[in-house]
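Trainee: Could you take me through one part of this model slowly, and then show me how it connects to what lies around it? I would like to follow it strand by strand.

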Amino acid sequence: MGGVKVRIQGHPILGAAPAGRRVTITVDGRPVAAVEGEPVAAALMAAGVRAFRRTTKTGEWRGVFCAIGRCTDCVMTIDGVPNVRTCVTPVRDGMAVATQTGLGKWGVDDAGD
Amino acid sequence: MLATELAIVGAGPAGLAAAIEAARHGVEVTLIDENARPGGQLFKQIHKFFGSRQHGAGTRGVDLGARLLGDVRKTGVNVMLNTVAWGIFDGPTLALYDGAGSRQVAARAVLLCTGATENALAFPGWTLPGVLGAGAAQTMVNLHRVLPGQRVLTVGAGNVGLIVSFQLLQAGAGAVTVVEALPRIGGYAVHAAKLARAGVPILTSTTIVEACGEDGVVAAVVAGLDAAGRPDPRTARRLDVDTICLAVGLSPLAELAFMAGCQFAFVPELGGHVPVHDEGMATTVPGIYVAGDVAGIEEASTAMDEGRLAGLSIAAALGRLAPDAAESEKKAIRARLDELRAGPFGERVRAGKSRLVGQAGAGAGVGAGRACGTPAAAPAAAPPGPPTPAERASCPADGVLGADTLRRLPGVPSPERLRAGPVAVIECPQEIPCDPCQAACKKGAIAVGPRLTSLPRLDDSRCTGCGLCVPACPGQAVFVVDQSGDDGSGTVMFPWEFLPRPEPGAAVRAADRRGRPLGPATVVAVKDVRGFDRTPVVTLRVGRDIAMEVRGLVRGVGA
């Protein structure tokens with residue numbers, strides 16, 4: 001059970017969600033709809049993905065913890081660059097996001113390990 | 001190397017307010033922030049702030065942020081975004097990284113407004129995806145418009161835990177439960193009460209034991225604490241949640257101050273190790289200043305005023321402002337800060353700040369060396385003390401005010417007055433610094449005083465039950481009740497910041513102070529004008545005998 005993840009369309013204080021440009025990124029090769037400029041972590045959360053990486057020694061899953069770029073728990077491999085903080089990295093169309101294991105590898109576009 | 005007069009690190013409430021104040025006096029300011037947008041955490045604060053009008057009370061944090069940004073643009077401050085300040089060296093010189101490369105900026109003064117970070121709490125499963133900081137959840141729902149989960153457990157009933165839990169409901173979360181290890185709610189009673197009205201259980205003397213799941217949270221185990229403060233396995237139970245929010249305090253982000261060699265003190269009331277600073281926000285290192293949460297965990301409103309103090313001190317130090325002119329402006333700001341720190345909640349901050357400031361005086365010119373890993377000796381810090389009588393007496397363990405407490409409140413009208421026609425019922429039980437209800441009343445029926453923290457008093461002979469005080473209260477603690485109906489009916493007016501908004505004429509279920517259904521009700525009116533600032537006011541017709549029990553409606557469900 002991954003939990004129901006939803007985008008908040010109407011909000012009693014903030015009003016309707018701003019209409020951002022819809023783009024597509026890939027997560028481990030699978031296409032995922034996203035909004036341009038939103039953090040990668042938000043796009044993944046909205047798509048029901050919350051396990052972002054596995055730890056080096058025990059392979060435990062990690063995801064978003066602080067959401068403001070401090071804790072580095074949410075790092076993934078993006079466009080072949082490992083250890084990118086997904087909570088402060090804006091989505092660009094066509095971005096290739098990959099689950100990371102341990103410290104990750106350079107140049108891997110999907111979960112190749 | 002770049003050069004500037006004043007380099008400010010952090011464009012949150014403290015940094016923005018300081019930049020405006022310093023620039024207003026002719027100081028050339030460079031404002032540096034690692035984020036793509038300025039504002040710090042202000043833009044996720046969608047609730048109305050407490051305080052008085054001069055503190056911006058009644059205004060939502062997000063709107064205060066927009067106002068500050070507008071002022072910064074007018075002042076011609078140089079804003080550097082997406083830029084991390086990773087080091088500070090003699091001069092003072094800051095080392096910056098902007099994604100393309102590193103560079104340095106030499107400044108005559110450096111102001112650190114680096115804020116705070118959320119504390120974590122270790123328990124089995126605490127690293128699972130789905131366990132996140134309460135502030136992180138707030139960022140996700142209010143900035144990025146994504147709900148982290150449907151069924152949430154919040155750990156910690158301080159103001160952050162209470163506020164974020166409410167905002168998760170506003171964003172559409174299905175259910176929220178709050179646990180608090182202490183035997184009492186640490187946050188404001190009005191925040192607890194509005195959460196309880198929304199049906200959220202607040203369980204004190206209870207803690208999380210385990211987060212369950214393989215690749216994400218699927219449940220949590222909570223347990224009551226025994227007399228020794230240990231989880232009692234006999235009381236353990238499993239909660240069906242998919243998200244766990246940790247709201248267990250904040251710690252100052254003071255690495256740059258440490259690197260600069262500032263003297264530190266360990267002050268638990270202010271969140272831990274804090275740079276020693278004087279009343280003008282100067283640290284023990286000449287030219288280095290601090291303001292906001294880095295100088296001790298408080299609120300956005302106090303951060304803004306600390307930023308203004310620092311801005312004035314720096315303008316004076318750079319010769320842009322005569323010392324006596326600076327001092328008289330600073331005096332007014334300190335008076336505002338004293339008001340915000342008054343009352344039982346401000347007591348610990350006042351004690352902590354006075355110890356810091358005392359050291360700054362004693363250590364002037366002495367403690368300004370490199371710290372080399374050992375903070376200078378701090379006086380034995382008292383642990384956070386027991387609640388004061390005022391705090392203890394006024395917030396019930398579950399956040400729900402009892403009939404006895406209500407009768408004693410100076411904002412609650414007499415039973416005779418309630419039967420005579422519509423009248424305000426101000427359910428404000430704690431001495432918190434706040435007075436928008438007073439300004440909202442055109443009849444002069446509400447008085448807060450002599451202090452900003454005094455409980456609001458209702459002159460029920462002057463009150464006409466117009467209800468303008470209902471949306472004005474930042475704590476959503478004011479209602480209008482009418483028990484005068486000849487036909488046995490009454491009405492209750494209450495603030496309603498949820499979707500869907502009920503329709504006039506609709507049949508709904510009235511809810512009590514715990515959000516439990518009390519009986520059928522009809523929506524008489526839903527009022528929402530610009531001056532209410534997105535706090536619609538709903539009036540329900542209910543049985544007269546339950547009008548003092550009804551405080552809302554059962555959310556999302558018809559009659």
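Mentor: Happy to: we will look closely at the five-stranded sheet of chain A, and then follow the links outward into chain B. Please keep in mind throughout that this is a predicted model.

Let's begin with the sheet itself. Chain A has an open sheet of five strands, and their order is β3-β2-β8-β6-β7, with mixed pairing. At the edges are β3 and β7 (81-85) of chain A, each of which pairs on one side only. From one strand to the next, the twist averages 40°.

Now go to the β3 edge. Strand β2 (residues 22-27) of chain A pairs with strand β3 (residues 30-35) of chain A in the antiparallel sense, over six bridges. You can trace this pairing with your finger: A:R22 stands opposite A:V35 in β3(A), and A:I25 has A:V32 as its bridge partner in β3(A). These two strands form a hairpin with two residues between the strands, and there A:D28 takes a positive phi near 50°.

Next, cross to the other neighbour of β2(A). Strand β8 (residues 96-98) of chain A is joined to β2(A) by two bridges, and here the strands run parallel. Look for A:T26, which stands opposite A:A96 in β8(A). So β2(A) is a good place to see what mixed pairing looks like: antiparallel with β3(A), parallel with β8(A).

From here we can step out to the partner chain. In the contact between the chains, 33 residues of chain A meet 34 residues of chain B. On the chain A side, β1 (6-7), α1 (40-46) and β5 (61-62) each supply at least two residues. Of the elements of chain A, α1(A) gives the most to this side, with three residues. By type, the residues on the side of chain A that touches chain B divide into 20 nonpolar, six polar and seven charged.

Strand pairing also crosses between the chains. Two bridges join β1(A) to strand β9 (residues 146-147) of chain B, and the two strands run antiparallel. To find the spot, look for A:R7, which stands opposite B:V146 in β9(B).

Where does that bring us in chain B? This chain is divided into domain 1 (2-117 + 250-362), domain 2 (131-246) and domain 3 (393-558). The C-alpha centres of domain 1 and domain 2 of chain B lie 31 Å apart. Their contact takes five residues from domain 1 of chain B and seven residues from domain 2 of chain B. On the domain 1 side, those residues divide into two nonpolar, two polar and one charged.

Chain B has a sheet that you can set beside the one we started with. Five strands form an open sheet in the order β8-β16-β10-β11-β12 (chain B), and the pairing is parallel. Its edge strands are β8 (131-133) and β12 (202-204) of chain B, each pairing on one side only. Neighbouring strands of this sheet are turned by 20° against each other on average, direction ignored. At one edge, β8(B) pairs with strand β16 (residues 243-246) of chain B in the parallel sense over three bridges, and B:G133 stands opposite B:L246 in β16(B). Helix α3 (residues 134-143) of chain B lies across β8, β10 (151-155) and β16 of chain B, running at about 85° to β8(B).

Let's finish in the interior. The largest nonpolar core has 201 residues, and B:I244 and B:A291 are among those with the most contacts inside it. Helix α7 (residues 300-317) of chain B gives the most to this core, with ten residues. Beyond its neighbours within four places in sequence, B:A291 is in contact with several residues, including B:A14, B:L111 and B:A303.

One last residue shows how a strand can bring far-apart pieces of sequence together. B:A7 lies in strand β1 (residues 2-9) of chain B. B:A7 counts as buried because it has 27 C-beta neighbours inside 10 Å, and the cut-off for buried is 20 or more. B:A7 and B:L94 are 87 residues apart in sequence, yet 8.2 Å apart in space, C-alpha to C-alpha. Leaving aside neighbours within four places in sequence, the contacts of B:A7 include B:L94, B:T30 and B:V105.

Methods. Residues are numbered from 1 along each chain as its sequence is written. Chains are lettered from A and ligands numbered from 1 in the order in which they are written. This is a predicted model: local features need pLDDT of at least 70, side-chain atom pairs count only at pLDDT 80 or more; totals for chains, interfaces and linings use all residues. Two residues are in contact if their C-beta atoms, placed from the backbone, lie within 7 Å. Helices (H or I, at least four residues) and strands (E, at least two) are DSSP runs, numbered from the N terminus. Ala, Val, Leu, Ile, Met, Phe, Trp, Tyr, Cys and Pro count as nonpolar, Asp, Glu, Lys and Arg as charged, and the others, Gly among them, as polar. Two strands pair if DSSP finds at least two bridges between them. Domain bounds come from an automatic or database domain assignment. Axes are lines fitted to C-alpha atoms, for helices over the stretch in contact, and angles run from 0 to 180 degrees between N-to-C directions. A nonpolar core is a set of buried Ala, Val, Leu, Ile, Met, Phe, Trp, Tyr and Cys residues joined through C-beta atoms within 7 Å. A residue is buried if 20 or more other C-beta atoms lie within 10 Å of its own, exposed if 12 or fewer, and partly exposed in between; C-beta atoms are placed from the backbone.
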